[in-house]
Amino acid sequence: MNVKKYRKFYLFSLLGVIAASFYPIYMGIRVAAEMVKNGAVPIESYPKYVIPYTPIATTLIFGVLLLPVFQKISKKLDLLFGAVVSTAVFFAAERFMETRILVQTQEAVPLESWQMSLCYVPPEQYQTRVWEAVDVLLGGYSPAFKLHFYLISAVIIVSLLNCFYGFAKMLRSGDRSRKTALVIQTVTSLAFLGMCVWACFTSFYRTGELTVSALSAVLMAVFFALFGVCAGVFTGSFTLGRAPALSMLLPAAVSIVAALAMYIGEMILLDGNLYRFGTGAFFEGLGGLVLAPADILVILASGAVTVFICRLVRRRS
């Protein structure tokens, strides 16, 4: 093992995660200060999407900080230990913030129920939105809507930790067989994280109506597909060297299931409905099925892109 390179990678990784987490951590500190001062966070002072991104940032710092510890405990199961412990930290921090932080609207409401409204429109449109017109669509608050947040958070945390732990293990062992897979995992993870941040500040330009604009439709489709690809590439990084069917079809299946799960989360959020990417038969649900042909195409595209990436990784490896 090249100890010097390993230590340098660990130090730069930790400092990089801390630097990248500055704003989410700042948001958490700001919210805590408002709670101490006023007992609730006013709408105008609410930082956008303090959950789940403050818990995610805290979790990633924790997971990278303890990277050498987990790799010392187990050379083969280091990522498993790191992912399980870090995910437990995330859910503890997330649940604490959901229930302890109050947002002051007409009355003080828990952060978890306030956050649900931001899934429909950007925060700045909340007070001008005529919510009565979509009461039937929303179906009232349901804690099940957080399936979106939890799925997204878990994929971000585990896929990014896979990159940090994978490159660190490569430096420890000198085995570079997973390098290409880890590079692609890093690219897909950061791209998905970037789209998450974009969604935080814009809600992908949705207005609260079921039928969205062309721009919103494209962004949402890419978001769902990229989520599946990110999960599929994570799986594929561990199936290198296996039989072609296993190394490509298993990641593709994971990708498809992940994208489908996001659609299920959206359906829960919208009380049994889905956002429609346009008008016409191609964008309407198939009979009793909520999914439209356009939605099915997005889900399958996620698996197809994953297969393409896995074939590319196999060839280069």
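1. Start with the buried side of H2, a helix at residues 22–38. Its buried residues are Pro24, Met27, Gly28, Val31 and Glu34, where buried means under 20% relative accessible area, exposed over 50% and partly exposed in between (1.4 Å probe, protein chains only). They share one side of H2, because their arc around the axis is only 125°; the arc is taken from the directions from the helix axis to the C-beta atoms.

2. A word on the basis: this is a predicted model, with local features needing pLDDT of at least 70 and side-chain atom pairs counting only at pLDDT 80 or more, while totals for chains, interfaces and linings use all residues. Residues are numbered from 1 along each chain as its sequence is written, and side-chain values use heavy atoms, with hydrogens and water left out.

3. What does the buried side of H2 pack against? Helix H1 (3–20), strand S1 (41–42) and helix H3 (50–65), with contact meaning heavy atoms within 4.5 Å. Helices (H or I, at least four residues) and strands (E, at least two) are DSSP runs, numbered from the N terminus. Turned away from that buried side are the exposed residues Phe22, Ile29, Val36 and Lys37.

4. H2 has 17 residues and spans 24 Å from first C-alpha to last, close to the expected 24 Å; that expectation is 1.5 Å times one less than the number of residues. After H2 comes glycine 39, with a positive phi near 85°.

5. Now the rings: the whole structure has 13 aromatic pairs. In one of them, tyrosine 23 and tyrosine 26 are tilted, 6.2 Å centre to centre with 35° between the planes. Rings of Phe, Tyr and Trp (its six-membered ring) pair if their centres lie within 6.5 Å; planes under 30 degrees apart count as stacked, over 60 as edge-to-face and the rest as tilted. These two tyrosines are three residues apart in H2, so about one helical turn separates them. Tyrosine 23 is partly exposed at 36% relative accessibility, and tyrosine 26 is partly exposed at 38%.

6. Phenylalanine 223 and phenylalanine 224 also make a tilted pair, with centres 6.2 Å apart and planes at 55°. Both are buried. Ring pairs join them with Phe192, Trp198, Phe204, Phe227 and Tyr263 in a cluster.

7. Two arginines are worth a look too. The charged end of arginine 172 sits over the ring of tyrosine 6, 5.3 Å from its centre, and that of arginine 178 sits over the ring of phenylalanine 238, 4.6 Å from its centre. The test is NZ of Lys or CZ of Arg within 6 Å of the ring centre and within 35 degrees of the ring normal.
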